[in-house]
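This report concerns a model with two chains and the way they meet. Please look at the structure before reading on.

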Amino acid sequence: MATTTDNAAQLIFAPNVLHNQALTSVKFLSFCFAGAVAGILGLENWLGFALFIASIVSTSFIIYAINCRGKPAKYLPGGLGELVNPGQDNIFTFILVWTLFYGIIHVYD
Amino acid sequence: MIEKLFLTLATLALLHAAYSTYEHLSLLKALGKPEGSLPLDIVYESILALILGLLGASLNAPPLKDITWASEMKKRTIDGMDSRLGFAHYKSRGKFLFASPHDGKI
């Protein structure tokens, strides 16, 4: 007997969902750039994470406008929530690039 | 095309801003002055690099595809998806459909 989730899942075409995972690379690149800017500007502590939050907002707005063309539910099974979610590794990417640039510019003699 | 340009420009602007900051800090250290805030043009250049990078990354992605089965069916016919094999038959009425009307044989 099919449950409600099976009914909803049967309406989804899986290969296209897989194709739309290209958005993860968009998010990765965006957070690399944001981390570099945080390192260059020498942001520390809470200011750096404020830039992280700002870059989440900017990235999701740009993806919403350009890639999803205003209808995220049409392209992502999780809808708007999945669009805004930065992905579980990207905060570490941000911190990595942030410390890299901060170290090279402000600390390295 | 334009997305690769944006990404390249963003990377170059970022590296330029990074090197400018490093030079500025080296200058301050050499002069012995305490560290002040960064020059504004470096800040603007970094923010410009960030915005260009975000736009370039987003435009660089391939166009997204609709995830519903309904949109996929717009590209295919129902006959391609469900052949109804149990209802197939191999008798052809072509001999009668395409025969000329005054054949004289019927």
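The text below covers the interface, one helix pair across it, and the annotated segments.

**The interface**

The model is predicted. Chain A contributes 37 residues to the contact and chain B contributes 32 residues. Between them, chain A and chain B bury about 3,200 Å², and 72% of this area comes from carbon and sulfur atoms. Three residues, F13(A), F33(A) and I40(A), account for 21% of what chain A buries against chain B, more than any other three residues.

The rule finds zero salt bridges across the interface of chain A and chain B. Polar contacts are present, with a count of seven residue pairs in which both residues have pLDDT 80 or more. On the side of chain A that touches chain B, at least two residues come from each of α2 (14-19), α3 (23-40), α4 (45-67), α5 (72-75) and α7. Helix α3(A) gives the largest share of that side, nine residues. By class, the side of chain A that touches chain B consists of 26 nonpolar, nine polar and two charged residues.

**One helix pair across the interface**

Two packed helices can be described by the angle and the distance between their axes. Helix α7 of chain A (residues 90-107) packs against helix α1 of chain B (residues 2-31) at an angle of about 35°, and the axes are 8 Å apart. From α7(A), the residues in this contact are F101(A), I104(A), I105(A) and H106(A); from α1(B), they are A18(B), T21(B), Y22(B), L25(B) and K29(B). The contact of α7(A) with α1(B) has six nonpolar residues, two polar and one charged.

**Annotated segments**

In an unreviewed entry, UniProt gives the annotation "transmembrane region" to residues 22-41, 46-66 and 91-108 of chain A. For chain B, an unreviewed UniProt entry lists residues 44-64 under "transmembrane region". The annotation "signal peptide", also from an unreviewed UniProt entry, covers residues 1-17 of chain B. The table gives the computed helix and strand content for some of these spans, with the separation of their end C-alpha atoms.

| Span | Helix | Strand | End C-alpha atoms apart |
|---|---|---|---|
| Residues 22-41, chain A | 90% | 0% | 30 Å |
| Residues 91-108, chain A | 94% | 0% | 24 Å |
| Residues 1-17, chain B | 94% | 0% | 24 Å |
| Residues 44-64, chain B | 81% | 0% | 32 Å |

Methods. Residues numbered from 1 in each chain as written. Chains lettered and ligands numbered in written order. Predicted model: local features only at pLDDT ≥ 70, side-chain atom pairs only at ≥ 80, totals over all residues. Heavy atoms only, no water. Axes fitted to C-alpha atoms, helices over the stretch in contact; angles between N-to-C directions. Helix = DSSP H or I, 4+ residues; strand = E, 2+ residues; numbered from the N terminus. Contact = heavy atoms within 4.5 Å. Nonpolar A, V, L, I, M, F, W, Y, C, P; charged D, E, K, R; others polar. Buried area = accessible area lost by both parts, 1.4 Å probe. Salt bridge = Lys/Arg side-chain N within 4 Å of Asp/Glu carboxyl O. Polar contact = N/O pair within 3.5 Å; in protein donor to acceptor, adjacent residues only side chain to side chain. UniProt positions renumbered as here; feature names shortened; annotations may be inferred.
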